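Please open the model in your viewer and keep the selection box at hand. This tour moves from one selection to the next and says what can be found at each stop.

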Amino acid sequence: MSKKYVLIGTGGRAEFFYGAMVRDFKDTCQLVAFCDVNQTRMDYSNRLLEEKYDHPQISTYLASEFEMMIAQEKPDIVIVTTVDRTHHTYIVRALELGCDVITEKPMTIDAEKTQEIIDAIKRTGQEVRVTFNYRYAPHNTKIRELIRDGVIGDVYSINFEWALDTQHGADYFRRWHRNKANSGGLLVHKSTHHFDLVNFWLNSTPETVYATGGLRFYGKENAEKRGETKFYQRAHGSENAKNDPFAIQLEDNPHLKSLYLDAEKDDGYQRDQSVFGDGIDIEDTLGVMVTYKNKAVLTYSLNAYLPWEGFIVSFNGSKGRIEVQVREQSYINSGGSKEDEGKLKEKSVKVLPMFGEPYEVEVVEGEGGHGGGDPILLQDLFGVPSEDEFNRAASHIDGATSILTGIAGNISLKTGQAVKVEDLVKF
């Protein structure tokens, strides 16, 4: 049975969804309209549909015409890939107008907006799905399986270090993400993936969160302290940006040029701002401690300026330890092939039994982004989902419990106090 879809927000994350839909899921999906604040960007997305995917162009609506689009196109499902701070607006309205929703992570950026979404779901009886592709990566599923099967007994503590490199990590500081009002900062926008993984691995949810950190590397003040003297507001047209390894040249990448540089005339959004400019108010260096309902303790860190990309995580349990190291290929959002996002360079999953020889666990990776996780996620969203013993499809509850760790972390950063997650939102 084919369902009708509309997509709002045709920026960097949109093609992952609409491209898959029109290429691989023609039998189950009918894409009928784009919606955005930016007409030029929608026109480019329509050109991609036609030239790259051999699909006819579809209707376009400006964001102010969102309700008109729902009335005219009568979609079953709305896909939300807008700026994070607007997710709740479109999710809630779509639910009220009788549509189900698939939303890019994070579901939203603060406790009030999370509550609005939860209340709207209760009120309307509609469904919200959050796209956590990391769950589907074979190595992450394997970790869940090892813990579920009691290979190291009860898990008491986790050390989890996430490294963003100077290509991918820096990219958050060039774009709208650099302002917490838009993205909730990296604790919400990026770490939602990681906190969701911990919830998934432990089969538990966060209870208490304490966070510390700040902007230590990016931003003008930090660059000045390091002796930097050549500054610019944005890379395009700047002499100072030409030899800066942190600059992105939009005109050199036809896709980024069409998606952003050519679209600036509509809304003034600049995709290539200097990472050492003024006005950045998100953190690049973060440490978080979380206690879970099952009493496990997480020590987590995120740094956004490192020489490598990936993560190291260790689980300490009553019967031993699991050590995981994953190196990912660096990428810039929309700067290249979708398959490169989260693509593995190397990985190691090792079990160290309390009284036995350590051994490597074999993990078979699949084709596609995030270690082969992306195609399975897309099949779950748009195709006919198969039975999944790991229950990887993420509901709005999963979406909420993952962001609430980061939201609590943001409150803790401000107050210096530990935050009880149950005080933030009523389920």
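Two strands are said to pair if DSSP finds at least two bridges between them. With that in mind, and remembering that what you are looking at is a predicted model, select residues 310-317, which are strand S11, together with strand S12, and you will see a pairing in the antiparallel sense over eight bridges. The connection between S11 and S12 is a hairpin that passes through two residues, and beside it you can pick out Gly 320 of S12, whose bridge partner is Gly 317.

Now keep S12 selected and add residues 344-353, strand S13, with which S12 pairs in the antiparallel sense over nine bridges. On this side, Arg 321 stands opposite Leu 352 of S13. In a regular strand the side chains alternate between the two faces of the sheet. Turn on the side chains of residues 320-328 to follow the two faces of S12: Gly 320, Ile 322, Val 324, Val 326 and Glu 328 belong to the covered face, while Arg 321, Glu 323, Gln 325 and Arg 327 belong to the uncovered one.

The next stop is the aromatic rings, of which the whole structure holds 24 pairs. Select Phe 25 and Phe 382, whose ring centres are 6.1 Å apart and whose planes meet at 55 degrees, so the pair counts as tilted. Phe 25 lies in the loop between helix H1 and strand S2, whereas Phe 382 belongs to helix H14, so this pair ties together parts that are 357 residues apart in sequence. Both Phe 25 and Phe 382 are buried.

Move on to Phe 217 and Phe 276, which form an edge-to-face pair with 5.8 Å from centre to centre and 70 degrees between the planes. Here Phe 217 comes from the loop between strand S8 and helix H11, and Phe 276 from the loop between helix H13 and strand S9, so the pair ties together parts 59 residues apart in sequence. Both of these residues, Phe 217 and Phe 276, are buried. While Phe 217 is still selected, add Arg 226, which lies over the face of the Phe 217 ring at 4.2 Å from the ring centre.

For a wider view of the rings, select Tyr 134, Phe 160, Trp 162, Phe 195, Trp 201, Tyr 300, Phe 311 and Phe 315, which ring pairs link into a cluster.

Salt bridges come next, and the structure holds 23 of them. Select Arg 93 and Glu 67, whose side chains meet in a salt bridge with 2.4 Å from N to O. Because Arg 93 lies in helix H4 and Glu 67 in helix H3, the pair ties together parts that are 26 residues apart in sequence. Arg 93 is partly exposed, at 26% relative accessibility, and Glu 67 is partly exposed as well, at 40%. For a second example, show Lys 242 and Glu 239, whose side chains meet at 2.7 Å from N to O; Lys 242 is exposed at 54%, and Glu 239 is exposed at 58%. Returning to Glu 67 and Arg 93, add Glu 96 and Arg 123 to the selection, since salt bridges that share partners join these four residues into one network.

Finish with the cysteines: how many disulfides does a search of the whole structure find? The search finds zero. Select Cys 29 and you will find that the nearest cysteine sulfur, that of Cys 99, is 15 Å away, although a disulfide needs two sulfur atoms within 2.5 Å. Cys 29 is buried, at 8% relative accessibility.

Methods: Residues are numbered from 1 along each chain as its sequence is written. This is a predicted model: local features need pLDDT of at least 70, side-chain atom pairs count only at pLDDT 80 or more; totals for chains, interfaces and linings use all residues. Side-chain values use heavy atoms; hydrogens and water are left out. Buried means under 20% relative accessible area, exposed over 50%, partly exposed in between (1.4 Å probe, protein chains only). Helices (H or I, at least four residues) and strands (E, at least two) are DSSP runs, numbered from the N terminus. Rings of Phe, Tyr and Trp (its six-membered ring) pair if their centres lie within 6.5 Å; planes under 30 degrees apart count as stacked, over 60 as edge-to-face and the rest as tilted. A charge sits over a ring if NZ of Lys or CZ of Arg is within 6 Å of the ring centre and within 35 degrees of the ring normal.
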